[in-house]
Amino acid sequence: MEEEPEVVEHFFGVYLLYCLNPKYKGRTYIGYTVNPRRRIKQHNAGKKHGGAWRTSNKGPWNMVLIVHGFPNNTSALRFEWAWQHPHESRRLKHIPKKKSSQKRFDFCLTVLSEMLKVGPWCRLPLTVRWLDYEFSKDFHGCISPPLHMPICYGKVTSCKNKRTQRSKADDIVSKELRGEDSLMFCSLCGSIMTERDSVSCVQPKCLLIAHLICLAKMFCKNETMILPIEGSCPACRTNVLWGDLVRKKNGCYQTLRETSTDSSSSDSDDIL
């Protein structure tokens with residue numbers, strides 16, 4: 001029985017295709033998608049069905065690897081372009097050019113591994129996912145991302161992070177329990193803030209509500225860091241990735257919140 005794909009909210013991914021056609025075997029293609037399953041079907045169906053002209057009539061293609069966890073499509077598209085054009089990117093000037101004896105697929109993995117180690121990508125909560133297990137067995141050692149970026153295996157599918165009616169109702173109850181409408185105070189600096197400027201912990205029961213900028217300054221380990229990578233929540237002391245906090249602000253992790261609300265519905269003090 002085929003394993004169910006992992007469902008990821010707010011999905012922006014950059015993928016690597018490998019050509020299985022004996023005539024073009026070994027060719028690669030790097031692209032961007034918000035829906036991996038639909039995109040590979042388009043590539044194999046041809047240009048008339050939404051595939052790229054470079055992959056049209058050269059299939060079948062196999063989507064062997066995808067990097068996801070980008071905060072938005074702009075970030076993912078910039079990553080895609082740099083992976084496609086490493087020697088034109090000012091951040092990747094240190095990567096040697098492909099040797100004539102080096103296979104294209106190997107070179108793509110070498111570039112990817114180096115990209116994950118330099119800014120701004122090294123600070124993002126990215127996931128490197130092998131979609132084809134056979135390929136992962138031969139090449140998994142070629143990629144060495146930072147410790148906060150996991151290497152996963154298996155299929156993935158996207159879903160829209162729609163805020164449900166129940167989630168909206170929870171927000172109303174939360175504001176009523178705090179005795180306020182849109183007026184909030186930062187847990188770190190104590191000053192007034194709006195919901196647009198605020199961020200909360202990914203832990204459902206955590207009481208932290210703070211300015212984005214205040215928490216970012218707290219998480220930054222030195223003055224040279226523009227964006228933090230991770231830090232310890234000042235309220236619940238849980239270690240969290242900065243990118244996960246941003247993803248929650250964008251509407252992700254609503255199912256986690258609903259599960260927590262169900263398990264503690266009798267305790268209204270926890271609905272914050």
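Select helix H2, residues 73-84, in this predicted model, and look at the side that faces the second largest pocket, because H2 gives the largest share of that pocket's lining, namely five residues. Now add helix H7, residues 242-249, to your selection, since H7, like H2, supplies at least two residues of the lining.

With both helices shown, turn to the pocket itself, whose volume is about 570 Å³. Its lining is made up of 23 residues, and to find the middle you can select Pro 71, Ser 75, Pro 120, Leu 124 and Leu 227, which are the closest to the pocket's centre. If you then colour the lining by class, you should find 12 nonpolar residues, seven polar residues and four charged residues.

Next, keep H7 on the screen and select helix H6, residues 212-219, whose axis comes within 12 Å of the axis of H7 and crosses it at roughly 165 degrees. Which way does H6 run relative to H7, roughly parallel or roughly antiparallel? An angle over 145 degrees counts as roughly antiparallel, and therefore H6 is roughly antiparallel to H7. The crossing in which H6 passes H7 is right-handed.

To see where the two helices touch, show the side chains of Leu 212, Leu 215, Ala 216 and Phe 219 on H6, and then those of Trp 242, Leu 245 and Lys 249 on H7, as these residues make the contact. Colouring this contact by class gives six nonpolar residues, no polar residues and one charged residue.

Conventions:
Residues numbered from 1 in each chain as written. Predicted model: local features only at pLDDT ≥ 70, side-chain atom pairs only at ≥ 80, totals over all residues. Heavy atoms only, no water. 1 Å grid on protein atoms, 1.4 Å probe; cavity = no way out; pocket = protein on both sides within 12 Å on 5 of 7 lines; lining within 4 Å. Points joined across faces, edges and corners; volume = space filled by probe spheres on them. Helix = DSSP H or I, 4+ residues; strand = E, 2+ residues; numbered from the N terminus. Nonpolar A, V, L, I, M, F, W, Y, C, P; charged D, E, K, R; others polar. Axes fitted to C-alpha atoms, helices over the stretch in contact; angles between N-to-C directions. Parallel < 35°, antiparallel > 145°, perpendicular 65-115°, else oblique. Left-handed = near helix turned anticlockwise from the far one by under 90°. Contact = heavy atoms within 4.5 Å.
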